[in-house]
Every structure is written in structure tokens, then in C-alpha cells.
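Visitor: I would like to learn how the labels used for a protein model are justified. Could you take me through some of them slowly, with the reasoning behind each?

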Amino acid sequence: MRQVAFASTNQNKYREVQSILTLHGIEIEFVRVELVEIQSDSLEAIAKEKARSAFAQVSKPVIVEDDGLFVSALGGFPGQYSSYVFKTIGNAGILRLLSNKQDRSASFMSLIAFYDGNDVVIFEGRVAGRISEQEASGGWGYDPIFVPDDADLTYAELQNKDDYSHRRRALDRFAEWYLRL
Ligand code: IMP
């Protein structure tokens, strides 16, 4: 079975990455490390730097993930600031910001960055959707307020979030490439 390390401190991401990559016959080793997260307007630049920081600590081929939630009526906010915004205003804050907006469309993006000491390779997964009217229960992060297109339920309520997720799309691309290496 092919293997790759996954560096993160997020146990929820780990569970999802593991179940998705298992479908492709790739085994992951979870490496719980704090990664350098640079300030940048570019999610790609952040992901690349995270991958280099991870490799410096684990010294083996590694993937990292960086995500962003982009809300149309808020000009793409929180985007690359999604983690900070979640910790500060949270889901309730996003719902408040949208309370008088008609357009609730949004997208979720995942960037998987692979690094083995040569070049950093990036795989993108994006899912269009919308922000729900109310916060559902369950899930983690923005799961309770994000409804992917083609589903009437939030990520938090879906039994099969992995079939719809931005993470699934990015990891499917990564797996297809990695298995051909
Ligand atoms: P990060 O900086 O890549 O960890 O992610 C940015 C923010 O998006 C963090 O607050 C995460 O909790 C959140 N996030 C990333 N992926 C998901 C997801 O699949 N569901 C809900 N929230 C997520």
C-alpha cells in the first residue's frame, strides 16, 4: 500500500483525509505538528509554505491542507482568513453578516500541498454551495452553516459529507497523481 504523511493539528481533517485516501488505497501517517502559517493574500502561498515547514519537521514525503470559505456577498471573505474568522466571530458571526443579504452563495476550497524535498505540488478542490439560514448541530468548523450544491443539508447534517466535500475533490486529484508517480 502506498503511504504518505499528513501533517496537521486538526484531528477532524485527519479523519476525513484518512477515509478518503483509503478509498484510493493510500495509507496515511498522521503527524501532529504545528506548521508555519505565513500571512498572505494567497491560499496557495500559505499552503506551499506549510508543506515546506512540514517536510522540515518530518523529513519524508508529506501532504498538508489549507482551506478557505468564500462568501460571495462578503466579497470572498473570510477566504484565506477563514481560520482566524472562525476563532473570532464564528458561525454565528457569519450568519449575522448575511442577515440582510439575498445572495447566500459561497464556495469552499481545499488546497492539498505535497512536498518531498523537490517541488511543492498543489491540488485544488472547490465546491460551490451556500450559507444556511441557521446553524445546524454537529460537525466541526463551518460544517453547520455550509450547504454544498446538490445537497439540501449542511456538511454537518450530511451522512456522506465526503461524497460532496472540497477535501474529497482535492484528494481525488492528489491520489490520481500520486499513484502514477
Ligand atoms: P485551515 O486554515 O486550513 O485549517 O482552515 C480554515 C478554516 O476552515 C478553519 O477554521 C477550519 O476549521 C475550517 N474548515 C476547513 N475545512 C472544513 C470543513 O471541511 N468543514 C468545516 N470547516 C472547515
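Visitor: What makes the approach between the backbone of tyrosine 142 and the ligand a polar contact?
Guide: In this predicted model, a backbone N or O atom of tyrosine 142 lies 2.9 Å from a nitrogen atom of the ligand. A polar contact needs a pair of N or O atoms within 3.5 Å, so this pair qualifies. A polar side-chain atom of aspartate 143 lies 2.6 Å from a nitrogen atom of the ligand, and an N or O atom in the side chain of lysine 13 is 2.8 Å from an oxygen atom of the ligand. Taken alone, the ligand exposes 480 Å², and the protein buries 92% of that.

Visitor: Which residues are the closest among those that surround the ligand?
Guide: The ligand is surrounded by 16 residues, and the closest are Lys13, Asp67, Tyr142, Asp143 and Lys161.

Visitor: Why is lysine 13 called buried?
Guide: Lysine 13, which is found in helix H1 (residues 11-23), has a relative accessibility of 11%. Buried means under 20%, and therefore lysine 13 counts as buried. With neighbours within four places in sequence left aside, lysine 13 is in contact with Phe6, Ser8, Glu65, Asp67, Trp140 and Arg167. With one of these, aspartate 67, the side chain of lysine 13 also makes a side-chain polar contact of 3.2 Å.

Visitor: How do you know that lysine 48 is partly exposed?
Guide: The relative accessible area of lysine 48, a residue of helix H2 (residues 43-58), is 28%. Buried would require under 20% and exposed over 50%, so a value in between makes lysine 48 partly exposed. Apart from neighbours within four places in sequence, lysine 48 is in contact with Val120 and Ile122.

Visitor: What makes aspartate 150 exposed?
Guide: Aspartate 150 has a relative accessible area of 73%, and because exposed means over 50%, the label follows. Aspartate 150 is found in the loop between strand E7 (146-148) and helix H5 (166-178), and the phi angle of aspartate 150 is near 75°, a positive value in a residue other than glycine. Between the C-alpha atoms of aspartate 150 and lysine 48 there are 31 Å, with the two residues 102 places apart along the chain.

Visitor: Why does serine 59 count as exposed?
Guide: The relative accessibility of serine 59 is 57%, and since the cut-off for exposed is over 50%, serine 59 counts as exposed. Serine 59 is found in the loop between H2 and E3, with phi near 55°, a positive value in a residue other than glycine.

Visitor: Why is phenylalanine 77 called partly exposed, and which surface patch does Phe77 help to make?
Guide: Phenylalanine 77 has 31% relative accessibility; exposed would need over 50% and buried under 20%, so phenylalanine 77 counts as partly exposed. Together with Ile89 and Leu97, Phe77 makes a nonpolar surface patch of about 220 Å². Members of a patch need over 30% relative accessible area, so the 31% of phenylalanine 77 meets that requirement.

Visitor: Where is phenylalanine 77 found, and what kind of peptide bond joins phenylalanine 77 and proline 78?
Guide: Phenylalanine 77 is in the loop between strand E3 (62-71) and strand E4 (78-79), while proline 78 is found in strand E4. The peptide bond joining these two residues is cis, with omega about 0°.

Definitions and conventions:
Residues numbered from 1 in each chain as written. Predicted model: local features only at pLDDT ≥ 70, side-chain atom pairs only at ≥ 80, totals over all residues. Heavy atoms only, no water. Patch = residues over 30% accessible without salt bridge, like charges linked within 9 Å, V, L, I, M, F, W, Y side chains within 5 Å. Areas by Shrake-Rupley, 256 points an atom, 1.4 Å probe, with all protein chains shown as cover. Salt bridge = Lys/Arg side-chain N within 4 Å of Asp/Glu carboxyl O. Helix = DSSP H or I, 4+ residues; strand = E, 2+ residues; numbered from the N terminus. Buried < 20%, exposed > 50% of the residue type's maximum accessible area, 1.4 Å probe, protein only. Near = heavy atom within 4 Å. Polar contact = N/O pair within 3.5 Å; in protein donor to acceptor, adjacent residues only side chain to side chain. Contact = heavy atoms within 4.5 Å.
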